[in-house]
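Take a moment with the sequence and the model below. A short walk through the chain follows.

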Amino acid sequence: MARETRRQRRDQRKSSGAPKPAAAQRTRSQPQQVRPGMQPSSTQTGRREPRERGRFVRESWAELKKVEWPSRSQVVQGTIVVIIACFIVGTYLYAADQIFKPFVRTVLLGE
């Protein structure tokens with residue numbers, strides 16, 4: 001049924017002489033693209049807009065002003081949590097190393 005509808009619309013466009021859809025017109029009107037190496041050097045523009053010195057720094061500084069920075073107590077609390085987590089993981093890795101050391105020596109290395 002969908003094919004019939006498309007076919008009917010196509011036939012109607014052909015018979016009425018209606019203009020083609022904009023997408024079809026746009027694709028045909030675009031010039032053929034040329035590789036950059038094939039273009040003459042006069043058409044190869046480097047930058048599209050002039051560069052402003054310090055623009056990046058000004059924009060970065062403006063964004064940093066928008067950041068909600070943590071208070072001193074939040075920083076201290078976060079630091080303590082990280083130190084405790086590192087201690088726990090380090091202890092776990094040390095214990096696992098000590099437990100598996102004899103197994104690796106006897107079974108895997110054959111000593």
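One term is needed at the start. A salt bridge is a side-chain nitrogen of Lys or Arg within 4 Å of a carboxyl oxygen of Asp or Glu. E52 and R58 fit that description, with their closest N and O atoms 3.2 Å apart. Keep in mind that this is a predicted model.

Now step back to the whole chain. The protein chain has 4 helices and 0 strands. Along the sequence the pattern reads α-α-α-α. How much of the chain is buried? Of its 111 residues, 0% are buried. The accessible surface comes to about 11500 Å². Carbon and sulfur atoms account for 58% of that surface.

Return to the salt bridges. The structure holds 3 of them. The E52 and R58 pair comes with partial exposure at both ends. E52 has a relative accessible area of 48%, so E52 is partly exposed. R58 is also at 48% and counts as partly exposed.

The next pair is R55 with E59, where the closest N and O atoms are 3.1 Å apart. Both residues lie in helix α3, which covers residues 55-66. They sit 4 residues apart, about one turn of the helix. An α-helix has 3.6 residues a turn, so residues three or four places apart point the same way. R55 is partly exposed, at 35% relative accessibility. E59 is partly exposed too, at 42%.

Helix α3 holds another pair: E63 and K66 are 3 residues apart in this helix, so about one helical turn separates them. Their side chains meet in a salt bridge, 3.2 Å from N to O. Is E63 exposed or partly exposed? At 44% relative accessibility, E63 counts as partly exposed. K66 reaches 63%, and because exposed means over 50%, K66 counts as exposed.

Last comes helix α4, residues 72-108. This helix has 37 residues. From first C-alpha to last, α4 reaches 51 Å, close to the 54 Å expected at 1.5 Å a residue. Where does α4 bend by about 35°? The bend is at F100, and a proline, P102, follows within four residues. After α4 comes G110, whose phi is positive, near 70°.

F100 also belongs to a nonpolar patch on the surface. The other members are I99, F103, V104, V107, L108 and L109. Together the patch residues have about 720 Å² of accessible area. I99 itself lies in α4 and, at 60% relative accessibility, counts as exposed.

Terms used. Residues numbered from 1 in each chain as written. Predicted model: local features only at pLDDT ≥ 70, side-chain atom pairs only at ≥ 80, totals over all residues. Heavy atoms only, no water. Helix = DSSP H or I, 4+ residues; strand = E, 2+ residues; numbered from the N terminus. Buried < 20%, exposed > 50% of the residue type's maximum accessible area, 1.4 Å probe, protein only. Areas by Shrake-Rupley, 256 points an atom, 1.4 Å probe, with all protein chains shown as cover. Patch = residues over 30% accessible without salt bridge, like charges linked within 9 Å, V, L, I, M, F, W, Y side chains within 5 Å. Expected span 1.5 Å × (residues − 1). Bend = angle between axes of the 7 residues up to and from the residue.
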